[in-house]
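The following exercises practise the reading of a protein model. Each task is followed by a worked solution that proceeds step by step.

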Amino acid sequence: MIDRLYLCAAGVSVLLDLRDADVRLVHWGADLGEQVPDATALEPSVPHSASDQPAPVSLIPQASRGWRGTPGVTGDRGSRDYSLRLVLQDVEADESRAVLTLSDEAAGIRVRTTLALAPSGLLLIDNELENTGEGDFRLASLDTSLPVPAHATEALDLTGRWAREKHPQRRTIDQGTWVRSGRHGRTGHDSTLVIAAGTPGFSWRSGEVWALHLGWSGDHASRVERAGDGQKVIAVGELLHPGELVLAPGETYRSPRAFAAYSGHGLDGVSERFHEWMRARPGHPSSPRPVVLNTWEAVYFNHDLEVLRQLADAAAELGVERFVLDDGWFLGRRDDSAGLGDWFVDPDVWPQGLTPLTDHVVSRGMQFGLWVEPEMINEDSDLARAHPDWISGPGDRRSLRWRHQQVLDLVNPDAWQYIYDRLDALLSEYPISYLKWDQNRDQLELGHDGRSSTHEQTLAAYRMFDALRAAHPGVEIESCSSGGARVDLGILERTDRVWASDTNDALERQTIQRWTGLVLPPELVGTHVGPGTSHTTGRTHALSFRAITALFGHFGVEWDVRALTDGERKELGAAIAFYKANRALLHSGRAVRIDRPDETDSAYGVIAQDVSEALVAYVALATSPDEAPARLRIPGLDPDRLYEVSPGLQIDRHAVAHRALPAWFDAGSAAMSGRALEVLGLAMPGLHPEQAIVLKLTAV
Ligand code: GLA
């Protein structure tokens, strides 16, 4: 058998050492070129009080190979087979993919790991474990663990809560283990999106970064670990509950796919690999992302046909292209305490069904979208009254209510089929182009037939998405989960965008969207202009700030636009027109986040792949310690081309804090080379806090 493997793509190399019938990831990082080093040159010496041979960590870390950190696989057969010694049996490989089969014959366990290096340099890792022995094997974990080099000294992960998702936290990688566990039964508001390690001070544009994401919408753990011997590992895996995964002989567990991105130029390089990979998927949305109007913050549960028709008229006049009827349309759903599960249009509120509204929306040239929450059930519903046993939970006891609701046991085939049939009927009866698919509670203590079922429930929900998509291929689906609690590449295999957060406060959204964009390209992230005063924070923001914030995503409006002033209507209409004129660029270009000298302002943009044009936002987040802001340096353009820079949207004069704008604004535009824009930058106006401007750059 060969004794090493070398994969290479887009400036990333992966080097595997296969000696000793083991698999060790010697290198995942910068391109090593043609002269691949001999792994023996990298072998450490043997310390006192340690194994008698060097113990570089295996791709599946095991105590039997000398690893004293967290094992890559755990499980047992009662009193046997609790520690595996996996031996390489077979290798299939080409330049971009390796399939490695390992087994412990005595323990009766076979593991197959597939590493595929995509053209974007994103490394995809799939693991499966088969019980080839006799008797049940109780699997406790099967993780993807990737060693990172010693010079990766800082860790980054994200956390959050409802209406405040995706906030970064950083720390030094000291000895020990930093674990981020998600035990929400859904991805979670606090889900980290990636676990990353990097060189000291790595930023958006500088430093080496190694980042790992798990494509899974159930329980999971991410960790960074520095073992006593100094080796460092980042790892992700599904978090399995006791007794949840008992493999009978011949059964196989497939781990969720892990995605690994290495960048030699900061977090933007991580995003480039994710965005490019996602955009190359066959199912990636390719039509222009329609301007959305979502009714939630406009009317909440107060569904009234006449009001909604007026809202649709006002939306159509503004240029809205997709009208989404949110929560409140189905049986008994007058507030959030009842109705989930009863997916019939409520005749009390909609005596003629939804047709009068859908006809109206369609006649105004808009698509119609509908809110659903298929995985949930209210105890106050006909469904729960008829099938109390369809509520998922730990045996006879019910778990705590959350937003007055429980989780429907989709592992039960009858419950699954019932919900499928209801959704299928709605999609067949009405001209629905889009589902806003919500999931509004943590799914705690899930159980089916007395066994923990978070794993099975996640797969059953996936099957529901997949089956409905197959039956209704034209319908797009949004993944919403009380905002951004189900944002991961597992759900995005079967949905077309995510609702990043329930907050439409533009200031909060600046952080949430920036960090969601670390993995997701902007066309997959729903971003709406909310009302002047945010319903989630009580902050009041100018329309220009709200519109510019919503521009860098899949743009929409979530506001009662019937009551706009003339000025607001004009300004919002202009923002919508600007979005439409620029969405091709926004949704195909390369994301840049600009490192600024301090944290009181922020700048980011999108540059066309052919670097012929760009849009850049400059945002004042807080008052600046300096009288005048630092010049805006814009990286990533063609250094040798000249760019004309001009305000994209008209500047809101209330946004400006200074007596006068920089002279080039008065002149209407400035011309600068890409090199000068990167090295010197462009003078920015002093803005009041929580204000923004957007610039358009065009190569001349
Ligand atoms: C969740 C969603 C909101 C809205 C409500 C409706 O909170 O995140 O956008 O759809 O449910 O109940």
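The exercises below concern a predicted model.

**Exercise 1. The ligand and its surroundings**

Task: Determine how many residues surround the ligand, and describe the polar atoms that lie beside its oxygen atoms.

Solution.
Step 1. The ligand is surrounded by 13 residues, and the closest are D326, D327, R403, K436 and D502.
Step 2. Sorted by class, this shell contains six charged, four nonpolar and three polar residues.
Step 3. Side chains are examined next. An N or O atom in the side chain of D326 is 2.7 Å from an oxygen atom of the ligand. For D327, a polar side-chain atom lies 2.6 Å from an oxygen atom of the ligand.
Step 4. The backbone also takes part: a backbone N or O atom of G483 lies 3.1 Å from an oxygen atom of the ligand.
Step 5. On its own, the ligand has 310 Å² of accessible area, and the protein covers 96% of that area.

**Exercise 2. The open sheet**

Task: State in which order the strands of the open sheet are arranged, and identify its edge strands.

Solution.
Step 1. The open sheet consists of three strands in the order β1-β2-β3, with antiparallel pairing.
Step 2. An edge strand pairs on one side only, and this applies to β1 (4–9) and β3 (24–30).
Step 3. From one strand to the next, the twist averages 10°.
Step 4. The pair β1 and β2 can be followed in detail. Strand β2 covers residues 12–17 and is joined to β1 by six bridges, the two running antiparallel. Within this pair, L5 has L16 of β2 as its bridge partner.

**Exercise 3. The barrel**

Task: Describe how the strands of the barrel are ordered, and examine strand β21.

Solution.
Step 1. Eight strands close into a barrel, in the order β20-β21-β22-β25-β28-β29-β30-β31, and the pairing is parallel.
Step 2. Neighbouring strands of this sheet are turned against each other by 30° on average, direction ignored.
Step 3. Strand β21 is considered with its two partners. Three bridges pair β21 in the parallel sense with β20 (residues 292–294), and L293 stands opposite F323 of β21. Four bridges join β21 to β22 (residues 367–372), again in parallel; here R322 stands opposite Q367 of β22.
Step 4. A general rule helps with the side chains: in a regular strand they alternate between the two faces of the sheet. In β21 (residues 322–325), R322 and V324 point one way, whereas F323 and L325 point the other way. All four of these residues are buried.
Step 5. Another pair in the barrel is β28 (residues 476–479) with β29 (residues 497–499), joined by two bridges and running parallel. In this pair, E478 stands opposite R497 of β29.

**Exercise 4. Positive phi angles**

Task: Locate L193 and R403 in the chain, and decide whether each is buried, partly exposed or exposed.

Solution.
Step 1. As a general expectation, most residues other than glycine have a negative phi.
Step 2. L193 has a positive phi near 65° and is not a glycine. L193 is found in the loop between β12 (176–182) and β13 (195–198).
Step 3. Buried means under 20% relative accessible area. L193 has a relative accessibility of 5% and therefore counts as buried.
Step 4. R403 is likewise not a glycine, and its phi is positive, at about 50°. Its place is the loop between α5 (382–386) and β24 (405–407).
Step 5. The relative accessible area of R403 is 28%, so R403 is partly exposed. As Exercise 1 showed, R403 is also among the residues closest to the ligand.

**Exercise 5. Two further residues**

Task: Find where S271 and L637 lie, and decide whether each is buried or exposed.

Solution.
Step 1. S271 belongs to helix α1 (residues 266–279). Its relative accessibility is 1%, so S271 counts as buried.
Step 2. The side chains of S271 and R593 make a polar contact at 3.0 Å.
Step 3. L637 lies in the loop between β34 (613–620) and β35 (642–647). With 8% relative accessibility, L637 therefore counts as buried.
Step 4. Finally, L637 is compared with P147: the two are 490 residues apart in sequence, and their C-alpha atoms are 34 Å apart in space.

Methods. Residues are numbered from 1 along each chain as its sequence is written. This is a predicted model: local features need pLDDT of at least 70, side-chain atom pairs count only at pLDDT 80 or more; totals for chains, interfaces and linings use all residues. Side-chain values use heavy atoms; hydrogens and water are left out. A residue is near a molecule or strand if one of its heavy atoms lies within 4 Å of it. A polar contact is a pair of N or O atoms within 3.5 Å; within protein, one must be able to donate a hydrogen and the other to accept it, and residues adjacent in sequence count only if both atoms are side-chain atoms. Accessible areas come from the Shrake-Rupley method with a 1.4 Å probe; for residues, only the protein chains shown count as cover. Ala, Val, Leu, Ile, Met, Phe, Trp, Tyr, Cys and Pro count as nonpolar, Asp, Glu, Lys and Arg as charged, and the others, Gly among them, as polar. Two strands pair if DSSP finds at least two bridges between them. Axes are lines fitted to C-alpha atoms, for helices over the stretch in contact, and angles run from 0 to 180 degrees between N-to-C directions. Buried means under 20% relative accessible area, exposed over 50%, partly exposed in between (1.4 Å probe, protein chains only).
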